[in-house]
Amino acid sequence: MAPAQRCPLCRQTFFCGRGHVYSRKHQRQLKAALERLLPQVEAARKAIRAAQVERYVPEHERRCWCLCCGCEVRKHLSHGNLTVLHGGLLEHLASPEHKKATNRFWWENKAEFQLKEKFLISPQDYARFKKSMVKGLDTYEEKEDEVIKEMAAQIREVEHSRQELVQSVLEPQAVPDPEEGSSALGSWKGTNSLVASTSQQPSYLDLPPTPELDWMETGQPLTFIGHQDTPGIGNIHSGATPPWMVQDEEYSSVNQQIGPSYEEFLKEKEKQKLKKLPPDRVGANFDHSSSTSVGWLPSFGRVWNNGRRWQSRYRFSSRTPTPQP
């Protein structure tokens with residue numbers, strides 16, 4: 001009987017020696033395993049002529065299982081913040097260690113000889129991949145330079161618009177004409193005199209009365225119905241207190257307190273404490289607010305505090321025999 005051997009593809013132990021690799025089950029498992037690896041190898045072969053360079057992301061740390069070598073291999077080749085897609089798998093497929101392991105795997109599992117070349121990369125193909133990788137790096141750097149130039153142009157444009165805005169705000173006002181200088185100076189003096197006079201007056205404004213217009217002139221479509229000022233009540237233009245600052249009569253004299261008083265709070269707090277005590281305790285229903293004399297004593301005191309003391313006295317006297325003379 002042949003010694004026990006274990007097949008990693010079928011995941012079982014067999015005792016038929018080398019005849020197991022020719023069985024249908026083993027060949028079926030071998031074909032399925034090669035078909036799972038073949039799409040990744042074909043995708044790596046497409047990158048030989050046109051290598052793709054991208055910015056590094058954590059997803060580029062993925063690994064794939066090499067069926068021939070029995071180990072995990074990095075799928076992409078990363079350096080710094082750049083990643084060459086399928087660079088790690090191509091480097092592994094072109095290594096001499098992978099070639100030796102592939103030959104041994106094909107011999108041990110009796111796989112189809114025509115499929116072996118699909119899982120190997122020749123040195124010439126790998127050299128071609130290196131050249132395309134250099135071109136890909138140059139193209140990537142050119143794209144990055146263009147992006148940087150576009151960003152710099154946008155920054156310069158924003159800075160230029162900002163400077164124009166600041167300059168338009170800070171530039172002096174237009175100089176008036178000589179003919180209008182005298183009138184502008186007079187208006188400026190009049191404004192200063194008005195400000196000086198108003199600074200010496202009270203806080204409210206005393207504006208001059210508005211002249212009444214002759215609304216009954218011919219050609220006027222409006223009718224004057226007179227002033228609507230209420231006598232005795234002013235407005236904010238005549239120096240009166242604004243309505244939102246006038247205190248109500250009911251609150252001006254008496255300062256009402258909002259919410260419960262401090263005494264009510266203490267009473268409610270005491271009630272909450274009594275609620276936590278057992279309701280059947282002695283004296284729970286006693287009215288503490290009732291008036292009592294100085295010689296007051298509680299009426300309870302019988303056995304187990306059940307009943308009144310006079311009941312126990314009466315029961316004792318009724319059961320005690322009277323002595324015979």
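Residues 137-168 are 100% helix and 0% strand, and the C-alpha atoms at the two ends of this stretch lie 47 Å apart. The model is predicted. This briefing covers that stretch, the nonpolar core and the surroundings of S23.

**The 137-168 stretch**
- An unreviewed UniProt entry marks residues 137-168 as a "coiled-coil region".
- In the model, strand content over these residues is 0%.

**The largest nonpolar core**
- The largest nonpolar core holds 33 residues.
- Within this core, L34, F105 and F129 touch the most other members.
- At least two core residues come from each of these elements: helix 1, strand 4 (63-66), helix 2 (87-93), helix 3 (96-109) and helix 4 (123-170).
- Helix 1 gives the largest share of the core, with seven residues.

**Contacts of L34**
- Beyond its neighbours within four places in sequence, L34 is in contact with L67, F105, W106, A111, L115 and F119.
- F105 appears here as a contact of L34, and F105 is also among the three residues that touch the most other core members.

**S23 and its polar contacts**
- S23 sits in the loop between strand 2 (12-14) and helix 1 (24-46).
- S23 counts as partly exposed because its relative accessibility is 24%, a value that falls between the cut-offs of 20% and 50%.
- The side chain of S23 reaches the backbone oxygen of H20 at 2.6 Å.
- A polar atom of the S23 side chain also lies 3.4 Å from the backbone nitrogen of H26.

Terms used. Residues numbered from 1 in each chain as written. Predicted model: local features only at pLDDT ≥ 70, side-chain atom pairs only at ≥ 80, totals over all residues. Heavy atoms only, no water. Helix = DSSP H or I, 4+ residues; strand = E, 2+ residues; numbered from the N terminus. Buried < 20%, exposed > 50% of the residue type's maximum accessible area, 1.4 Å probe, protein only. Polar contact = N/O pair within 3.5 Å; in protein donor to acceptor, adjacent residues only side chain to side chain. Core = buried A, V, L, I, M, F, W, Y, C linked by side-chain atoms within 4.5 Å. Contact = heavy atoms within 4.5 Å. UniProt positions renumbered as here; feature names shortened; annotations may be inferred.
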